[in-house]
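Trainee: I would like a close look at a single part of this protein. Please take me through it step by step.

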Amino acid sequence: MSRATQTASASAPALVLDVAVPEGTDPALLPSLRRGIEQAVKLVVSSGEITVIQQADELAGLLTGLIQPEVGLVEERLHRLQTIREIFKGEEWLTAEMLNALQPEPSSNRSLPASDWKRRGRIFSVTYGGKEYFPRYEFDAVYQPLPLIRELLTAFGPVADTWKIASWFHYPNGWIVEPGPEGVKPVAPKDALDRRDDLMKALEKRKGSYVA
């Protein structure tokens, strides 16, 4: 950068426009949204009103492009969807209403006690097809939360996409093994809930992917 450019930049810093995005927007879309918005702002600011009207097609095409994810993003989301479907088919799931009915004295509020347990970090849920579900392995024989689940969720820390938690529990984990007829084999955490120390160690080794 030349000295003249540096001076100009120092005397006239770039203006920054804060733009709120809808709650729940996938963070992976933000880079493409930012690029598209910057281009749209440049088009509007650098052109007069008549010019903008004349370039309506160009502007419309630009705005349409804001919701066009990159190829890599599409592939990642397809892989995530495939994983979610596989996990959902491979587990037993309970709704809040089912858990309510399975309690000794069901509350009149059918979201209880599941919503309270979830709020206190004793269990987690996932959303599938617009509905909330809880995996059966989180509960004991009388449908109370296993104490170990709270420990594991605390160790996970904040997780925006709870399907990552479900994935960790569902898939065989190389840090949790057992002997088999063909040698040592990995075990899914959900099938090793009686092995607290092994689970905690495996959780420390987890990687940021959907498949353990």
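Trainee: Before that, how many contacts beyond four places in sequence does the model have for residues 208-212? After that, please look closely at helix 8.

Mentor: This is a predicted model, and for residues 208-212 it has 14 contacts beyond four places in sequence, although pLDDT stays under 50 there. Residues 1-10 also stay under 50, and for them the model has one such contact. Over the protein, pLDDT averages 82, and 71% of the residues score at least 70.

Now to helix 8. The loop that lies between strand 3 (131-135) and helix 8 (147-156) holds Tyr-143. Tyr-143 is not a glycine, yet its phi is positive, at about 60°.

Within helix 8, the buried residues are Leu-148, Ile-149, Leu-152, Leu-153 and Phe-156. These residues lie on the same side of helix 8, because they cover an arc of only 135° around its axis. That buried set packs against two other helices, namely helix 9 (163-170) and helix 10 (196-204). On the face turned away from the buried side, helix 8 carries the exposed residues Pro-147 and Thr-154. To follow this in the picture, start from Leu-148, one of the buried residues, and then find Thr-154, which is exposed on the face turned away.

Just after helix 8 comes Gly-157, with a positive phi of about 80°. Tyr-143, in the loop before helix 8, has a positive phi too, of about 60°.

Terms used. Residues numbered from 1 in each chain as written. Predicted model: local features only at pLDDT ≥ 70, side-chain atom pairs only at ≥ 80, totals over all residues. Heavy atoms only, no water. Helix = DSSP H or I, 4+ residues; strand = E, 2+ residues; numbered from the N terminus. pLDDT = per-residue confidence, 0-100. Contact = heavy atoms within 4.5 Å. Buried < 20%, exposed > 50% of the residue type's maximum accessible area, 1.4 Å probe, protein only. Arc of directions from axis to C-beta.
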